[in-house]
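Thanks for coming, everyone. I'll put the structure up and walk you through it, mostly chain B, with a short stop in chain A.

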Amino acid sequence: MKQKDIKVLLIDDEVALANTLAQRLKMRDFKVGTAYDGEQALSKLKEEEPDVIVLDLKMPGMHGMEVLQEIKKAHPDIQVIILTGHGTDKDEEDAKRLGGFDFLKKPADIETLEHKIKAAFKEKMERTLSTIAFAEKGEFNTIQQKNNEE
Amino acid sequence: MEYDEERDLRVSQLSFIGNILAGFTHEIKNYIAIIKESAGLMGDMIKLGKKSKNEPQEYLEIIHSIEEQIEKTNDLFRYLNRFSHRMDNELSTFNVNETMEELIALLTRAANQRKISIEKDFQKDILPMNNNPSMLQFLVFHFLEEKITKLDKNSRLIIKTESANGSTVIRIIPKGNLLDADKEKGYLPYEIQDKVVRQLGGNISQEKEETVIKIPITDI
């Protein structure tokens, strides 16, 4: 899998920041979309599922933690990186407990963010492959059991 | 344990200053993040980008974005500086519109988080006051914060100032649904509210949904 196959959704109410960061990631060959609040982001997820989400915490309307919870409920495979100017240690703990992949503070170094996105994508792929292998194994065992009973 | 009004007031004041600073730092961090990413983008365009006819224009747009953020940062520092110096002297002569402007600048982000817009309706030629500006800001802040917390999304909060009958009148007017409308108290305990208003020589009243603070204009 190449970097250009990695789909990223940036969710941040600071439009200028989201758009500039999106441009920088696109120049690094990621496929990048943007959303400027939680409701817009969840709506976009119904149309197309990204591999990795970069999510701000303090946004108007839905708080980032609430968005994270909704994402993990409906799309457990998507890996979420929190990128916030506000985060406390407790926020980091809460985010990880809710299934967040990583927690970065603004302003983040672009190389660090790039590295984290690739790591999050790798995690997603490993979990997906592991789920497929488990499902196949389970199917095989059921067939074996049936054959033994006959 | 005896109720220590003075100690509770000081704790509330420190909490107020902490809230203001937290809001300020969050706002500044966002502006700095935008400046950093914009500068980084220019660097990327030089190191990684493909040449395009529009390149000079793209660079100019990024430079303009950086200048905009720097201006916003400067404005916020200016408000914070003014706010800080309000505490230099217990009594001073000041323009109440300016003190309210500082609070609005430092509370705007919190209001935006809840999709609430704060509007100014200031009397332009309002008479200067001779009083404790920091204490006045402390009092008004709590009423604003309470309304911001209780108003429904997409509501408005109007701050109106006027000189009337020898007093400066500050009205805090919520326009929208108030959640928990039956619990119309400020987050500041009543005893502290009362102590502060007495120190300012004024009074607070509720006129339907409006909170009205009246402070006498002392002869300068």
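So, start with helix α1 of chain B: its buried residues are B:Ile20, B:Glu27, B:Asn30, B:Tyr31, B:Ala33, B:Ile34, B:Ile35, B:Glu37, B:Ser38 and B:Leu41. Bear in mind while you look that this is a predicted model. What do those buried residues pack against? They pack against α1 of chain A, and also against α2 and α3 of chain B. The helix itself has 43 residues, and from first C-alpha to last it reaches 62 Å, close to the 63 Å expected at 1.5 Å a residue.

Okay, α2 of chain B, residues 55-85. Here you can do the sum on the back of an envelope: 31 residues at 1.5 Å each should span 45 Å, and the end C-alpha atoms are indeed 45 Å apart, so the two agree. Buried residues in this helix are B:Gln69, B:Leu80 and B:Phe83. The buried residues of α2(B) pack against α1, which covers 5-47, and α3 of chain B.

That takes us to α3 of chain B, residues 96-113. Try the length check again: its 18 residues should span 26 Å at 1.5 Å a residue, and the end C-alpha atoms sit 26 Å apart, which agrees. Now look at B:Leu107, where α3(B) bends by about 45°. B:Leu107 is also one of the buried residues of this helix, along with B:Val96, B:Thr99, B:Met100, B:Glu102, B:Leu103, B:Ala105, B:Leu106, B:Ala110 and B:Ala111.

Where does α3(B) lie? Across β2, β4 and β5 of chain B, and it runs at about 170° to β2(B).

Which brings me to the sheet. Five strands of chain B form an open sheet, in the order β2-β4-β5-β7-β6, with mixed pairing. At the edges stand β2 (117-122) and β6 (203-207) of chain B; each has a single partner strand, so one side of each is left without a neighbour in the sheet. From one strand to the next, the twist averages 20°. If you zoom in on β2(B), you'll find 6 bridges joining it to β4 of chain B, residues 156-164, and the two run parallel. One pair to find there: B:Glu119 stands opposite B:Ile158 in β4(B).

Now a few backbone oddities. As a reminder, most residues other than glycine have a negative phi, and most peptide bonds are trans. B:Lys115 goes the other way, with a positive phi near 55° in a residue that isn't glycine. You'll find B:Lys115 in the loop between α3 and β2 of chain B. Is B:Lys115 buried, exposed or partly exposed? It counts as partly exposed, because it has 14 C-beta neighbours inside 10 Å.

B:Lys208 isn't a glycine either, and its phi is positive, at about 55°. Its place is the loop between β6 and β7 (210-216) of chain B. B:Lys208 is exposed, because there are 5 other C-beta atoms within 10 Å.

And here's the chain A stop: the peptide bond from A:Lys106 to A:Pro107 is cis, with omega near -5°. A:Pro107 is in the loop between β5 (102-105) and α5 (110-149) of chain A.

One last residue in chain B, B:Leu200, in helix α5, residues 190-200. B:Leu200 is buried, because 22 other C-beta atoms lie within 10 Å. Who does it touch, leaving out residues up to four places away in sequence? B:Asn131, B:Asn132, B:Met135, B:Leu136 and B:Ile215. Compare it with B:Leu41, back in that opening list: the two are 159 residues apart in sequence and 52 Å apart in space, C-alpha to C-alpha.

Stepping back, chain B comes to 5 helices and 7 strands. Along the sequence the pattern reads α-α-β-α-β-β-α-β-β-α-β-β. The C-alpha atoms fill a box of roughly 70 × 40 × 40 Å along the principal axes, and of the 220 residues in chain B, 26% count as buried.

And to finish, the contact with chain A: it takes 16 residues from chain A and 20 from chain B. On chain A's side, helix α1 (residues 15-27) gives the most, with 7 residues. By class, that side has 7 nonpolar, 5 polar and 4 charged residues.

Definitions and conventions. Residues are numbered from 1 along each chain as its sequence is written. Chains are lettered from A and ligands numbered from 1 in the order in which they are written. This is a predicted model: local features need pLDDT of at least 70, side-chain atom pairs count only at pLDDT 80 or more; totals for chains, interfaces and linings use all residues. Helices (H or I, at least four residues) and strands (E, at least two) are DSSP runs, numbered from the N terminus. A residue is buried if 20 or more other C-beta atoms lie within 10 Å of its own, exposed if 12 or fewer, and partly exposed in between; C-beta atoms are placed from the backbone. Two residues are in contact if their C-beta atoms, placed from the backbone, lie within 7 Å. Ala, Val, Leu, Ile, Met, Phe, Trp, Tyr, Cys and Pro count as nonpolar, Asp, Glu, Lys and Arg as charged, and the others, Gly among them, as polar. The expected span of a helix is 1.5 Å times one less than its number of residues. The bend at a residue is the angle between axes fitted to the seven residues ending there and the seven starting there. Two strands pair if DSSP finds at least two bridges between them. Axes are lines fitted to C-alpha atoms, for helices over the stretch in contact, and angles run from 0 to 180 degrees between N-to-C directions.
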